[in-house]
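Biologist: Could you take me through one small part of this model in detail, and then set that part against the rest of the chain?

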Amino acid sequence: MGSWVTWVHSLKAFTEAFVLADPEIKILSVVAKTFLSESTDIKASTFRRKQKNINEFIKWAGDTDIKTITKKIAGDYTSEILLKKQPSPATLRTIKTDIGSFFSWSEGRGYVDSNPFQNIRILRSSRKTEIRRPWSNENIIEFLSYKKITLNDFSATAIALYTGMRIEEICLLKGKDIDDGCIIIEKGKTHASSRKIPIHPLIMPIIERLTHTSKKDFL
């Protein structure tokens, strides 16, 4: 173990000395460190994601001179991610954008002549999308009859069935949103989301029980 650690430190020291000896060489990790240190205007979660994607690319490509990264290498990396991880198109675009932003910044600083990740085409995923189907009445009864169903599961399902509300809207309901036999939705994803829904007599006992136990808090 000791010899391995010694070898790693020696390699690091040699690499740093080599870089200092040739100012034309700009090692990927060194440039990336500077880029990330200047990325202060983004959320912490975005920073961590960007850092992770860039570091994973450097690990794959090798911590080499940034000028050796060609569009062919960038394309090969994109293809390998598709083959090995099979991410969704959105995830792959995020990875490409994160690494591309690093090379775009590097281009602006004169470290590279062009961004190798620019204009790389991402083919549509070949994965089959599972088609959603609505539950039948039998499915709903089977769910509501399940012995481990909770009061929240039952209440949310019943409210959804008799109001047409989305699950997010139901989970955000508070006691103050129940008024004069109606459910008041003040805001949502669109302007049309704001509405007043009459409470069906069949679910009124459920609403009254939830309101009684929650008062003004979440039902």
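Which residue in β2 is the bridge partner of Asp179?

Modeller: The bridge partner of Asp179 in β2 is Cys182. This is a predicted model, in which local features need pLDDT of at least 70 and side-chain atom pairs count only at pLDDT 80 or more, while totals for chains, interfaces and linings use all residues. Residues are numbered from 1 along each chain as its sequence is written, and side-chain values use heavy atoms, with hydrogens and water left out.

The bridge from Asp179 to Cys182 belongs to the antiparallel pairing of β1 (residues 178-179) with β2 (residues 182-185), which runs over two bridges; two strands are said to pair if DSSP finds at least two bridges between them, and a strand is a DSSP run of E with at least two residues, just as a helix is a run of H or I with at least four, each numbered from the N terminus. Ile178, for its part, stands opposite Ile183 in β2. Two residues lie between the strands of this hairpin, where Asp180 takes a positive phi near 50°.

Gly181 is also found in the loop between β1 and β2, and it counts as partly exposed because its relative accessibility is 34% (buried means under 20% relative accessible area, exposed over 50% and partly exposed in between, with a 1.4 Å probe and protein chains only). Apart from its neighbours within four places in sequence, Gly181 is in contact with Ile197, Pro198, Ile199 and Met204, contact meaning heavy atoms within 4.5 Å. Of these partners, Met204 is 23 residues away from Gly181 in sequence, with 8.1 Å between the two C-alpha atoms.

On its other pairing, β2 joins β3 (residues 195-198), again in the antiparallel sense, over four bridges, and in β3 the bridge partner of Ile183 is Ile197. Ile183 therefore has Ile178 opposite it in β1 and Ile197 as its partner in β3. The three strands thus make an open antiparallel sheet in the order β1-β2-β3, with β1 and β3 as edge strands, each pairing on one side only.

Turning to the rest of the chain, there are nine helices beside the three strands, and the order along the sequence is α-α-α-α-α-α-α-α-β-β-β-α. The largest nonpolar core has 22 residues, and Phe102, Phe103 and Phe117 have the most contacts inside it; such a core is a set of buried Ala, Val, Leu, Ile, Met, Phe, Trp, Tyr and Cys residues joined through side-chain atoms within 4.5 Å. Two or more of its residues come from each of α2 (28-37), α3 (44-61), α4 (71-84) and α5 (89-108), and α5 gives the largest share, six residues. A second, separate core has 14 residues, among them Met165, Ile170, Leu173 and Ile207.

Leaving aside neighbours within four places in sequence, Phe102 is in contact with Leu28, Val31, Ala32, Phe35, Ile54 and Ile66. Three of these residues, Leu28, Ala32 and Phe35, are also among those of α2 that meet α3, where Ile54 is one of the residues they face. The axes of α2 and α3 are 11 Å apart at an angle of about 170°, and the two helices are therefore roughly antiparallel, a term for angles over 145 degrees.

Notes. Axes fitted to C-alpha atoms, helices over the stretch in contact; angles between N-to-C directions. Parallel < 35°, antiparallel > 145°, perpendicular 65-115°, else oblique.
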